[in-house]
Amino acid sequence: MVRGLYTAWTGLYNEQKRLDVIANNIANAATTGYKQEGVTSQSFDDMLTIKIRDFSEGKQDRIIGSMSLGVKVGEVYTNHKQGPLRVTGNTYDLALDGEGFFQMKVTDAAGNDHIRYTRAGNFTITQEGYITDADGNHLQGESGDLQVPTDATIVFDTDGTVYANGEAIDKVVIVDFEDYNYLKKFADTMYEPVDGATQIEAAGALRQSCLEQSNVNVVQEMVQMIAITRAYEANQKVVQTMDSTLDQAVNSVGRV
């Protein structure tokens, strides 16, 4: 009976985690370069069930099968499928058509620099001519922090080459990875490779004055949210039933 309470609780916890992930997807449905996340579920290892010897079996133990003790979150994964491209007309809005990532230099609170990767290309230009994102992280070119003349006409070629008034001055670093499972996510749109990550040449083409939209399908997320809510309510009813049964056992049967 108490095992039933625990099993129902694992279901509640699992559905809550799935709901949190879906809520985050919906909240970032309009975030440039955001990639949908999902959650897998798996059962705990089955336990062997044995009927303890009693008079009905001649006081002999008997194996009657196996049972699961509940469900747990398997993993939270990222769907790296490309989102739709939207034309903005802004010079420093960049998008990748195909696989690949922009390389960014991120400075943390302690002043340490980290190289991270993103698909979010909503960049701006500083007074000094550096191309940065909304948080001030620097887009990387082959010569380091990408810097362009502020009074020139800037054109980005599909291979990442940057032209100022028709003259090539640098090239945007675009990289890709052999296996995205070796990318650790930071915030909503940043990634950092971990041990085992293999960097490869990117196949994507750079598109100027475009932004890649989130690949979240809001309708599908809402449908999943409804299904999760129903599963959560079912587990709640199990808990309530178990609680009522325990109450009867303690307060009614115990009086006899």
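Colleague: Why does arginine 230 count as exposed?

Modeller: In this predicted model, arginine 230 has a relative accessibility of 61%, and because exposed means over 50%, arginine 230 counts as exposed. Arginine 230 lies in helix 2, where its C-alpha is 9.6 Å from that of glutamate 15, although 215 residues separate the two in sequence.

Colleague: What makes helix 1 and helix 2 roughly antiparallel to each other?

Modeller: The axes of helix 1 and helix 2, the latter spanning residues 218-251, cross at roughly 160° and come within 9 Å; since angles over 145 degrees count as roughly antiparallel, the two helices are therefore described in that way. Their crossing is, in addition, left-handed.

Colleague: Why is tryptophan 9 called partly exposed?

Modeller: Its relative accessible area is 46%, and because partly exposed covers the range between under 20%, which is buried, and over 50%, which is exposed, tryptophan 9 is placed in that middle class. Tryptophan 9 is found in helix 1, residues 2-27, and together with Tyr6 and Tyr13 it makes a nonpolar surface patch of about 370 Å².

Colleague: Which class does glutamate 142 fall into, buried or exposed, and why?

Modeller: With a relative accessible area of 60%, set against the cut-off of over 50% for exposed residues, glutamate 142 is therefore exposed. Glutamate 142 sits in the loop between strand 11 (138-141) and strand 12 (144-145), and its C-alpha is 5.7 Å from that of lysine 171, with their positions 29 residues apart in sequence.

Terms used:
Residues are numbered from 1 along each chain as its sequence is written. This is a predicted model: local features need pLDDT of at least 70, side-chain atom pairs count only at pLDDT 80 or more; totals for chains, interfaces and linings use all residues. Side-chain values use heavy atoms; hydrogens and water are left out. Patches are made of residues with over 30% relative accessible area and no salt bridge: like charges are joined within 9 Å, nonpolar side chains (Val, Leu, Ile, Met, Phe, Trp, Tyr) within 5 Å. Accessible areas come from the Shrake-Rupley method with a 1.4 Å probe; for residues, only the protein chains shown count as cover. A salt bridge is a side-chain nitrogen of Lys or Arg within 4 Å of a carboxyl oxygen of Asp or Glu. Helices (H or I, at least four residues) and strands (E, at least two) are DSSP runs, numbered from the N terminus. Buried means under 20% relative accessible area, exposed over 50%, partly exposed in between (1.4 Å probe, protein chains only). Axes are lines fitted to C-alpha atoms, for helices over the stretch in contact, and angles run from 0 to 180 degrees between N-to-C directions. Angles under 35 degrees count as roughly parallel, over 145 as roughly antiparallel, 65 to 115 as roughly perpendicular and the rest as oblique. A crossing is left-handed if the near helix is turned anticlockwise from the far one by less than a right angle, and right-handed if clockwise.
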